[in-house]
Amino acid sequence: MGRGKFKGKPTGRRQFSTPEEMLAGTSSRPRTFKKEEAEVEEDRSDEESEVSSEDESDRKKGTQSVIEIENPNMARPKTLKARDADMEKTTELSRREREEIEKQRAHERYMKLQEQGKTEQARKDLERLALIRQQRADAAMKREEEKAAKDQKKIEARK
């Protein structure tokens with residue numbers, strides 16, 4: 001039988017066995033099927049002999065009975081219930097959180113002083129603002145005078 005343009009990997013070939021082959025035990029891969037059959041048989045025998053299995057369940061395989069070590073990565077964190085939580089206990093903030101809160105408070109203080117005009121920058125801004133207002137007022141007066149002079153010339157030119 002032709003394989004086409006590309007040749008597959010030797011490990012990638014799939015071999016399927018029929019259910020008859022699996023039951024007969026002539027399959028090339030009957031391992032899982034036999035394990036399932038064995039588990040079903042064990043379940044039946046376990047129901048009959050529950051009393052004798054209690055002693056066997058206490059025993060551990062290999063070195064587990066000698067060395068009892070819990071993997072710290074496998075330890076699950078204990079969850080606290082709401083009623084067990086200590087409400088009076090204050091949690092300490094990390095350095096970054098403390099610095100962030102201090103920075104926000106300092107900024108709020110500075111903005112409050114800025115609004116009141118007590119900071120140096122606010123004083124400079126107010127001086128600049130007063131100077132600009134004065135210049136605008138002077139420019140408006142000058143425009144009014146020029147307009148009045150222009151009107152005077154028109155009136156005199158008509159006479």
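## A walk along the helices

Start by selecting R95: its relative accessibility is 48%, so it counts as partly exposed. Keep in mind as you click around that this is a predicted model.

**Stop 1: the R95 pair**

Leave R95 selected and add E99. These two form a salt bridge, and the closest N and O atoms are 3.3 Å apart. Side chains of opposite charge can pair when their charged atoms come close. Why can R95 find E99 here? Both belong to helix α4, and they sit four residues apart, which means about one helical turn separates them. Is E99 buried, exposed or partly exposed? Its relative accessibility is 42%, so E99 is partly exposed.

**Stop 2: the whole of α4**

Now select residues 95–116, which make up helix α4. You should have 22 residues highlighted. If you want to try your viewer's distance tool, go from the first C-alpha of α4 to the last: the span is 32 Å, close to the 32 Å expected at 1.5 Å a residue. Click on G117, just after α4, and you'll find a positive phi of about 80 degrees.

**Stop 3: T119, in the loop**

Move along to T119, in the loop between α4 and α5. Buried or exposed? With a relative accessibility of 10%, T119 counts as buried, because the cut-off for that is under 20%. Buried residues make up just 3% of the 159 in the protein chain.

What does T119 touch? Leaving aside residues up to four places away in sequence, its contacts are Y110, L113 and Q114. Then bring up A122 as well: its backbone nitrogen is 3.2 Å from a polar atom of the T119 side chain.

**Stop 4: two pairs in α5**

Select residues 120–158 to light up helix α5. Zoom in on K124 and E120, whose side chains meet in a salt bridge, 3.8 Å from N to O. They are four residues apart, about one turn of the helix. K124 is partly exposed at 46%, while E120, at 57% relative accessibility, counts as exposed.

Next, pick R128 and D125. Here's another salt bridge, with 3.2 Å from N to O. This pair is three residues apart in α5, so again about one helical turn lies between the partners. Both count as partly exposed: R128 has a relative accessibility of 48%, and D125 has 29%.

How many salt bridges does a search of the whole structure find? It finds three, and you've now visited R95 with E99, K124 with E120, and R128 with D125.

**Stop 5: color by confidence**

Switch your viewer to coloring by pLDDT. The average for the protein chain is 78, and 67% of the residues score at least 70. Which helices have the highest and lowest confidence? Helix α5 comes out highest, at 94, and helix α3 (residues 50–58) lowest, at a mean of 50. Select residues 51–56 and you'll be looking at a stretch where pLDDT stays under 50. For those residues, the model has zero contacts beyond four places in sequence.

**Last stop: zoom out**

Clear your selections and show the whole chain as a cartoon. How many helices and strands are there? You can count five helices and zero strands. Reading from the N terminus, the order is simply α-α-α-α-α. Finally, turn on the surface: the chain exposes about 17100 Å², and carbon and sulfur atoms supply 50% of that area.

Conventions
Residues are numbered from 1 along each chain as its sequence is written. Side-chain values use heavy atoms; hydrogens and water are left out. Buried means under 20% relative accessible area, exposed over 50%, partly exposed in between (1.4 Å probe, protein chains only). Accessible areas come from the Shrake-Rupley method with a 1.4 Å probe; for residues, only the protein chains shown count as cover. The expected span of a helix is 1.5 Å times one less than its number of residues. A salt bridge is a side-chain nitrogen of Lys or Arg within 4 Å of a carboxyl oxygen of Asp or Glu. A polar contact is a pair of N or O atoms within 3.5 Å; within protein, one must be able to donate a hydrogen and the other to accept it, and residues adjacent in sequence count only if both atoms are side-chain atoms. Contact means heavy atoms within 4.5 Å. pLDDT is the predictor's confidence in each residue, from 0 to 100.
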